[in-house]
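Grab a pencil and open the viewer. Below are some short exercises, each with a worked solution.

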Amino acid sequence: MARFHPKEPGPDTPGSEHATWRSLEKLPNSWHVFHSVAWQVPKKSRVFDGEADFVLIHPNHGMVVLEVKGGVFEIRDGTWYQRDARGGEYHRLPRSPFEQAKGAMYDLQRYLTAMVPGLSSLPATRGVVMPAAANPGDLGPDMPAAMSIGKGQLTDMPGAIDRLLDHARITANLSKDQVNGIVRLLSPTLQIRT
C-alpha cells in the first residue's frame with residue numbers, strides 16, 4: 001500500500017476525496033501520497049495561496065498532481081460548470097479542474113526544485129479525478145482521456161496512474177535523500193516549543 005501523509009483523511013474531507021483516497025491505497029508502497037497540500041507562492045507583486053488535493057511522489061516517476069472534483073459537470077463553449085450530486089443549479093467554475101491541476105503542478109515544481117538540495121528538476125504530470133463521472137473520456141485538446149479519471153477507473157487506480165505517466169512520457173531518478181527531502185517539506189514533523 002502507498003505511504004500516506006497524513007495517515008488518515010481528516011474529518012472534513014469531502015466524499016469525493018475519500019473515494020479517491022481509498023483507490024490510491026492500491027498503489028504500491030514505493031509511492032508517497034500527500035493529501036490536501038497547501039502553499040504560498042509569490043507572483044508579481046502579491047503572494048498567492050495554492051492547494052492540491054493529492055500529490056504523488058515516486059523515485060522513478062517523479063510527481064503526479066491530482067485535482068479531485070465531486071458532483072456533476074457541464075462544459076459549455078469551453079467553460080466548466082458544476083453542481084453537487086444532489087442536484088440544484090450549475091455554477092460556473094473560475095478555472096477548469098485541469099487548469100487548477102496544471103497551476104498546482106508548476107507551483108510545486110518550482111518550490112521543490114528550489115528547496116530540495118540537489119534537485120535541479122522534478123518531472124511531473126497532472127490529472128483530474130471525477131468520482132461521480134462514469135468515464136470522462138476525451139474532454140478537449142488540453143484534456144485528453146488519459147488525464148481524466150472517473151468512477152470506472154477508481155477500481156484500478158494503479159492502471160489509471162500508469163496511463164497518466166505513459167501519456168506524459170516522464171521518468172525520474174530521484175535519490176532517497178531527494179524523496180526524503182520532498183516528504184519533509186510537504187509533510188513536516190516538528191515541535192514548536194515555548
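Before we start: two residues count as in contact when heavy atoms lie within 4.5 Å. Keep in mind, too, that this is a predicted model.

**Exercise 1. Find where Trp80 sits, decide whether it is buried or exposed, and list its contacts.**

Step 1: place the residue. Trp80 belongs to strand β6.

Step 2: check the accessibility. The cut-off for buried is under 20% relative accessible area. Trp80 has 3%, so it is buried.

Step 3: collect the partners, leaving aside neighbours within four places in sequence. Trp80 touches Phe73, Glu74 and Ile75, then His91, Arg92 and Leu93, then Ser96, Pro97 and Phe98, and also Met130, Leu139 and Met143.

Step 4: try a pair that sits apart. His32 is 48 residues from Trp80 in sequence, and their C-alpha atoms are 31 Å apart.

**Exercise 2. Do the same for Glu89: which strand holds it, is it buried or exposed, and what does it touch?**

Step 1: Glu89 is part of strand β7, which covers residues 87-92.

Step 2: exposed means over 50% relative accessible area. Glu89 comes in at 63%, so it counts as exposed.

Step 3: skip residues up to four places away in sequence, and Glu89 is in contact with Gln82 and Arg83.

Step 4: for a long-range check, take Asp166. It is 77 residues from Glu89 along the chain, with 37 Å between the C-alpha atoms.

**Exercise 3. Look at the backbone of Pro6, Ser36 and Asp77, and say what is unusual at each.**

Step 1: recall the background. Most residues other than glycine have a negative phi, and most peptide bonds are trans.

Step 2: start with Pro6, in the loop between β1 (3-5) and α1 (15-24). The peptide bond joining His5 to Pro6 is cis, with omega about -5°.

Step 3: go on to Ser36, in strand β2 (residues 32-43). Its phi is positive, about 55°, although Ser36 is not a glycine. With 42% relative accessibility, Ser36 is partly exposed.

Step 4: finish with Asp77, in the loop between β5 (72-76) and β6 (79-84). Asp77 also isn't a glycine, yet has a positive phi of about 50°. Its relative accessible area is 85%, so Asp77 is exposed.

**Exercise 4. Describe the largest pocket: what is its volume, and which residues are closest to its centre?**

Step 1: the volume of the largest pocket is about 220 Å³.

Step 2: 13 residues line this pocket, and Asp49, Gly50, Glu51, Arg95 and Asp107 are the closest to its centre.

Step 3: ask which elements contribute. At least two lining residues come from each of β2, β3 (46-58) and α2 (97-115).

Step 4: sort the lining by class. You get six charged, four nonpolar and three polar residues.

**Exercise 5. Work out how α2 and α5 cross, and which residues meet there.**

Step 1: two packed helices are described by the angle between their axes and the distance between the axes.

Step 2: apply that here. The axes of α2 and α5 (residues 176-186) come within 10 Å and cross at roughly 115°. The crossing is right-handed.

Step 3: name the residues. From α2 come Leu108, Tyr111, Leu112 and Met115, and they meet Ile182, Leu185 and Leu186 of α5.

Step 4: classify them. The contact of α2 with α5 has seven nonpolar residues, with no polar and no charged ones.

Technical notes
Residues numbered from 1 in each chain as written. Predicted model: local features only at pLDDT ≥ 70, side-chain atom pairs only at ≥ 80, totals over all residues. Heavy atoms only, no water. Helix = DSSP H or I, 4+ residues; strand = E, 2+ residues; numbered from the N terminus. Buried < 20%, exposed > 50% of the residue type's maximum accessible area, 1.4 Å probe, protein only. 1 Å grid on protein atoms, 1.4 Å probe; cavity = no way out; pocket = protein on both sides within 12 Å on 5 of 7 lines; lining within 4 Å. Points joined across faces, edges and corners; volume = space filled by probe spheres on them. Nonpolar A, V, L, I, M, F, W, Y, C, P; charged D, E, K, R; others polar. Axes fitted to C-alpha atoms, helices over the stretch in contact; angles between N-to-C directions. Left-handed = near helix turned anticlockwise from the far one by under 90°.
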